[in-house]
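This explanation considers two helix contacts, two buried positions and several points of backbone geometry. The reader is invited to keep the model in view throughout.

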Amino acid sequence: MDSRNILVTGPAINEQAVKLIADNGYSVAYVPPYTNEEDLVRIVAEVDPVGVVVRMGRFGASAIDAAPSLRVLSKHGVGVDNIDVDAATRRDIPVVVAAGANARSVAEHAITLVLTTVKRIVPLDSGLRAGRWEKAGFSGVEVAGLTMGLVGFGAIARHTAVYAKALGIHVRAFDPFADDATFANAGVTRDAAVEDLLAASDIVSLHCPLTPETRNLLDDNAIGLMKPGSYVVNTARGGLIDEDALVRAIDSGHIAGAGLDTFATEPPAPDHPFWGRQQIVVTPHVGGVTKQANVRVGVDAVEGILAVIQGRDPGRERIVNYRALAKAST
């Protein structure tokens with residue numbers, strides 16, 4: 001008998017998504033967030049899900065192999081670096097994403113990190129709470145007129161561009177996969193090379209996936225191309241930044257501040273060097289975690305699973321390994 005179980009790795013998905021599962025005759029089971037591999041494989045083997053909503057923690061080859069009934073993996077969001085896409089492809093399992101469902105929320109968070117970092121809200125707040133009135137000698141920075149460079153120009157970056165422009169920020173972007181019309185329609189300057197964008201921007205905001213090509217995208221060399229006194233914002237994936245290089249740039253003053261929602265290892269270590277530097281504003285990967293986005297992402301993630309197992313097309317733009325699967329079937 002075919003499995004009627006859909007597994008979720010992490011906290012409960014929203015009620016609308018759960019109802020969608022039930023209305024289609026399936027049951028939902030959960031794995032605690034960041035479950036270790038051994039326990040994950042054991043639970044997967046027991047549940048033998050037909051589909052998995054991947055939220056928190058890695059879903060690797062061993063977990064995929066433990067589920068003979070598995071037909072689809074669906075990311076609760078868009079970043080699939082915690083899924084072994086190659087292992088899924090070897091079993092002809094599509095990996096689908098909830099493209100754009102949390103874009104507005106993440107873009108709002110990116111702009112929040114920009115303002116919090118540039119306006120030095122965290123050190124000023126801490127100083128005031130510690131009894132210091134630091135108005136004398138303070139000199140702030142106005143964001144209007146600054147240039148913000150977006151690395152990647154997908155749904156989140158496009159929303160970020162709208163908000164940034166409303167603040168009077170000039171926006172440019174680099175994305176080798178987007179067409180010229182996308183930039184033209186958004187009124188955003190296109191850079192042909194990421195190096196050009198880094199050199200031209202006062203604020204660099206990361207919005208690209210984590211791949212072998214983009215890992216440590218911001219290393220010592222790339223940061224060295226940035227303007228002295230510029231800022232870094234990351235609401236995408238922590239591995240895009242060489243964290244040691246960023247600390248060196250913060251300490252030297254080359255980078256004036258950073259607003260980070262993601263880290264190379266999550267959660268980060270208790271002795272992480274970021275904690276001792278108030279120029280770095282940090283949040284625990286919550287950019288897309290809003291009530292509104294949670295409904296859209298949860299429903300989209302479940303709908304992606306149901307589309308595959310019911311023989312409907314979820315849309316090739318949502319299947320991250322579409323080309324690999326198509327190539328394997330020819």
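A residue is called buried when its relative accessible area is under 20%, exposed when that area is over 50%, and partly exposed in between. By this convention Tyr 34, at 45% relative accessibility, is partly exposed because its value falls between the two limits. The structure is a predicted model, and Tyr 34 lies in the loop that joins strand 2 (27-31) to helix 2 (37-47). Its backbone is notable as well: Tyr 34 has a positive phi of about 60° although it is not a glycine. Most residues other than glycine have a negative phi, and most peptide bonds are trans.

His 285 also has a positive phi without being a glycine, with a value near 55°. This residue is located in the loop between strand 12 and helix 12. With a relative accessible area of 28%, His 285 is partly exposed. A further backbone feature occurs in the loop between strand 11 (255-260) and strand 12 (280-282), where Pro 267 is found. The peptide bond leading from Glu 266 to Pro 267 is cis, its omega being near -5°.

Attention may now turn to helix 1 and its two ends. Asn 14 caps the N-terminal end of helix 1, placing a side-chain oxygen 2.9 Å from the backbone nitrogen of Gln 16. Beyond the helix comes Gly 25, whose phi is positive, near 85°.

What is the arrangement of helix 1 and helix 12? Helix 1 (residues 15-23) packs on helix 12 (residues 291-309) at an angle of about 20°, and the two axes are 8 Å apart. Helix 1 is therefore roughly parallel to helix 12, since angles under 35 degrees are classed in this way. The crossing of helix 1 and helix 12 is right-handed. From helix 1, the contact draws on Gln 16, Ala 17, Leu 20 and Ile 21; these meet Val 295, Gly 298, Val 299, Val 302, Glu 303 and Leu 306 in helix 12. Classified by residue type, this contact of helix 1 with helix 12 comprises seven nonpolar, two polar and one charged residues. An α-helix has 3.6 residues a turn, so residues three or four places apart point the same way.

The second helix pair is formed by helix 5 (residues 103-118) and helix 7 (residues 155-166), which pack at an angle of about 50° with axes 8 Å apart. That angle makes helix 5 oblique to helix 7. Their crossing is right-handed. Ala 103, Arg 104, Val 106, Ala 107, Glu 108, Ala 110 and Ile 111 in helix 5 meet Ala 155, Ile 156, His 159, Thr 160, Tyr 163 and Ala 164 in helix 7. The contact of helix 5 with helix 7 contains nine nonpolar, two polar and two charged residues.

Two buried residues complete the account. Thr 235 is situated in the loop between strand 10 (230-234) and helix 11 (243-252), and its relative accessibility of 9% means that Thr 235 counts as buried. Residues up to four places away in sequence aside, Thr 235 touches Val 106, His 109, Ala 110, Leu 113, Leu 206, His 207, Asp 261 and Thr 262. Val 106 and Ala 110 also belong to the contact of helix 5 with helix 7. Gly 127, in helix 6 (residues 121-129), is buried, with a relative accessible area of 0%. Leaving out residues up to four places away in sequence, Gly 127 touches Arg 132 and Glu 134.

Methods:
Residues numbered from 1 in each chain as written. Predicted model: local features only at pLDDT ≥ 70, side-chain atom pairs only at ≥ 80, totals over all residues. Heavy atoms only, no water. Axes fitted to C-alpha atoms, helices over the stretch in contact; angles between N-to-C directions. Helix = DSSP H or I, 4+ residues; strand = E, 2+ residues; numbered from the N terminus. Parallel < 35°, antiparallel > 145°, perpendicular 65-115°, else oblique. Left-handed = near helix turned anticlockwise from the far one by under 90°. Contact = heavy atoms within 4.5 Å. Nonpolar A, V, L, I, M, F, W, Y, C, P; charged D, E, K, R; others polar. Buried < 20%, exposed > 50% of the residue type's maximum accessible area, 1.4 Å probe, protein only. Polar contact = N/O pair within 3.5 Å; in protein donor to acceptor, adjacent residues only side chain to side chain.
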